[in-house]
There are 2 protein chains.
Amino acid sequence: MSPTATDPSSPERAGAAAGLTERQNEILEFIRQSLRESGYPPTRDDIAIRFGFRSKNAAQDHLKALARHGCIEIIPGDARGIRLLRDADEALSHQFELPLIGRIAAGSPVTAAANIDTWLRIDPELFHPRADFLHRVAGHSMKEANILDGDLVGIHAQADADNGQIVAAVLPHPKTGDDEITLKRYFRRGRKVILQPENSAPAYRPIEIDLAAGGEGSQEQAPFRIAGIYAGLIRSGG
Amino acid sequence: MSPTATDPSSPERAGAAAGLTERQNEILEFIRQSLRESGYPPTRDDIAIRFGFRSKNAAQDHLKALARHGCIEIIPGDARGIRLLRDADEALSHQFELPLIGRIAAGSPVTAAANIDTWLRIDPELFHPRADFLHRVAGHSMKEANILDGDLVGIHAQADADNGQIVAAVLPHPKTGDDEITLKRYFRRGRKVILQPENSAPAYRPIEIDLAAGGEGSQEQAPFRIAGIYAGLIRSGG
DNA sequence: AGGGATACTGTACAAAAAAGCAGCCCTGTA
DNA sequence: TACAGGGCTGCTTTTTTGTACAGTATCCCT
């Protein structure tokens, strides 16, 4: 058991907390499992038995390390006094939550952690197709599709769309240059993409993009990309 | 402390498990609270301190009683070895869920267990005011308020409403006589209540109710009541 | 080479917690 | 009136747990 790789710089598994060793992640995962299955945290002994430690102090050391990293909190003197902290709890708690995406840091994937404003407790499966993130609508350009200013729209992440679907398009803002999410109806005719608002007021004009000019699939800065397709919305207040 | 009423036949509080005494329900609620706030169950001592028992055996006795009633499971020998069983666990798991209410059994409160079709994972706090239940909209009568057929509306339970608010009204269906939930804009002028659809098509007529005729506050079957006010909606699919 | 972290073994002790026994006071019921 | 059950006090005993201290070994970085 001793020759286990313990290189702190080894790549972490997906879903594992950052900055932890493999062993520490295993311990953390065991705590989660214990909470799920028995409803209360493990003792030092439970951990030692599970991992084959001959001394429960090995478990204690690991718990201290996890506490130092801010993954758990140890309540001194309490039997099973282990509390999962926010970050460590994420994998568990985000099961029925959706990230709210606002501005997009230039060049980053839409759902990158840096772009997440907050998490909201909505089951992704309530949307069709399943939503991967939410975006707050600004403006009235989709009014006639019954999508209003302030609505939270559920977006199913995918890179392309069928003609006529409502998409969340990522476009650089004409003034700031920052990437922004816009909801529009998508049409493609040959090399041209048309992003069509659903508001017949004259102020709302379709956006036309010529893919030939360094567009889709090009290595240059793409003038636009599809973050996903509209999958539903949630509206708050009367 | 001893002269506390302990009549096992006393009426149970709303949300409390059936067949339990008041004291037992308090203990159960404390266990839930402990799980929510600290993340692990209480010890016998925790319970004794909370309720002012001089002997932790009082707590032990209560736990045994709860176990006998199938509300909890005691894992022998384990510190904090208390597990909430399914029924008892509901209050906890529904923390971020909302019941979907369809048909209303005649005369029953809207959110009675019998009227709940299913639970959906949406944080009630996402609506304003906070939603207490959801209802699926049938028909297009509120189309011009941007509430469409098939939308799930969040309803904040309250018995009255201001003029002009959108309410979930409970009305007997003209044919079946079953109570049904309808979304309409509410107006009251003296003794008359007007439930106004938001659809200018001629097929949609306002409903007028004369409260003088055995209506609101009367002992006879009320012709209508307000289940709550509209607090937002969730729409699925493009 | 040395300091520091991770990852353990082993021992010891005190506090925390479970669990049993005996008994008291009520109240509703047979 | 006897009896059962809920609701408690008090006390004892035995586990279960947390936690500190002393070491060993490996690996990384300076």
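Hi everyone. Before we start, one cut-off: a residue is called buried when its relative accessible area is under 20%. Please keep in mind that what you see above is a predicted model.

Let me use that cut-off straight away on A:I101, a residue of strand β3 of chain A, which covers residues 98-101. With a relative accessibility of 1%, A:I101 counts as buried. What is in contact with A:I101, once neighbours within four places in sequence are left aside? The partners include A:V110, A:I116, A:F133, A:L134 and A:I181, and also A:N115, A:D117, A:H135 and A:R136. Take A:H135 in particular: 34 residues separate A:H135 from A:I101 in sequence, yet their C-alpha atoms are 5.3 Å apart.

Now to helix α1 of chain A, residues 22-38. A quick check on its geometry: 17 residues at 1.5 Å a residue should span 24 Å, and the end C-alpha atoms are indeed 24 Å apart, so the two agree. Several residues of α1(A) are buried, among them A:R23, A:I27, A:L28, A:F30, A:I31 and A:S38. After the helix comes A:G39, with a positive phi near 90 degrees.

On to the two protein chains. How does chain A map onto chain B? Chain A superposes on chain B through a rotation of 179 degrees, with a shift of 0.5 Å along the axis and an RMSD of 2.8 Å. The two copies are therefore related as by a two-fold rotation axis. In chain A, A:I234 has the C-alpha nearest that axis, at 2.1 Å. As for the interface, 100% of the interface residues of chain A are interface residues in chain B as well, so the copies meet through the same surface.

Next, the DNA, beginning with strand C. There are 28 residues around DNA strand C, and the closest are A:R23, A:R54, A:D61, B:G77 and B:R80. By class, these surroundings hold five nonpolar, 12 polar and 11 charged residues. Which helix gives the most to the surface near DNA strand C? That is α3(A), with six residues. At least two residues each come from α1 and α3 of chain A and from α3 of chain B. Of the strand C atoms within 4 Å of the protein, 69% belong to sugar or phosphate, and the rest to bases.

Some individual contacts, for those of you who like distances. We met A:R23 in helix α1; a side-chain N or O atom of A:R23 is 2.8 Å from a phosphate oxygen of DNA strand C. From the other chain, a polar backbone atom of B:R44 is 3.0 Å from a phosphate oxygen of that strand. For a base, look at A:S55, with a polar side-chain atom 2.9 Å from a base nitrogen of DNA strand C.

Last, DNA strand D. Here A:K56, A:G77, A:R80, B:T21 and B:H62 come nearest, out of 28 residues around the strand. Sugar and phosphate make up 67% of the strand D atoms that come within 4 Å of the protein. The classes are six nonpolar, 12 polar and 10 charged residues, and α3(B) gives the most, with five residues. A polar backbone atom of A:G77 is 2.7 Å from a phosphate oxygen of DNA strand D, and a backbone N or O atom of B:A79 is 3.2 Å from a phosphate oxygen of DNA strand D. On the base side, a polar side-chain atom of B:S55 lies 2.9 Å from a base nitrogen of DNA strand D.

Thanks for listening!

Definitions and conventions. Residues are numbered from 1 along each chain as its sequence is written. Chains are lettered from A and ligands numbered from 1 in the order in which they are written. This is a predicted model: local features need pLDDT of at least 70, side-chain atom pairs count only at pLDDT 80 or more; totals for chains, interfaces and linings use all residues. Side-chain values use heavy atoms; hydrogens and water are left out. Helices (H or I, at least four residues) and strands (E, at least two) are DSSP runs, numbered from the N terminus. The expected span of a helix is 1.5 Å times one less than its number of residues. Buried means under 20% relative accessible area, exposed over 50%, partly exposed in between (1.4 Å probe, protein chains only). A residue is near a molecule or strand if one of its heavy atoms lies within 4 Å of it. A polar contact is a pair of N or O atoms within 3.5 Å; within protein, one must be able to donate a hydrogen and the other to accept it, and residues adjacent in sequence count only if both atoms are side-chain atoms. Ala, Val, Leu, Ile, Met, Phe, Trp, Tyr, Cys and Pro count as nonpolar, Asp, Glu, Lys and Arg as charged, and the others, Gly among them, as polar. Copies are superposed by least squares on the C-alpha atoms of residues with pLDDT of at least 70 in both. Contact means heavy atoms within 4.5 Å.
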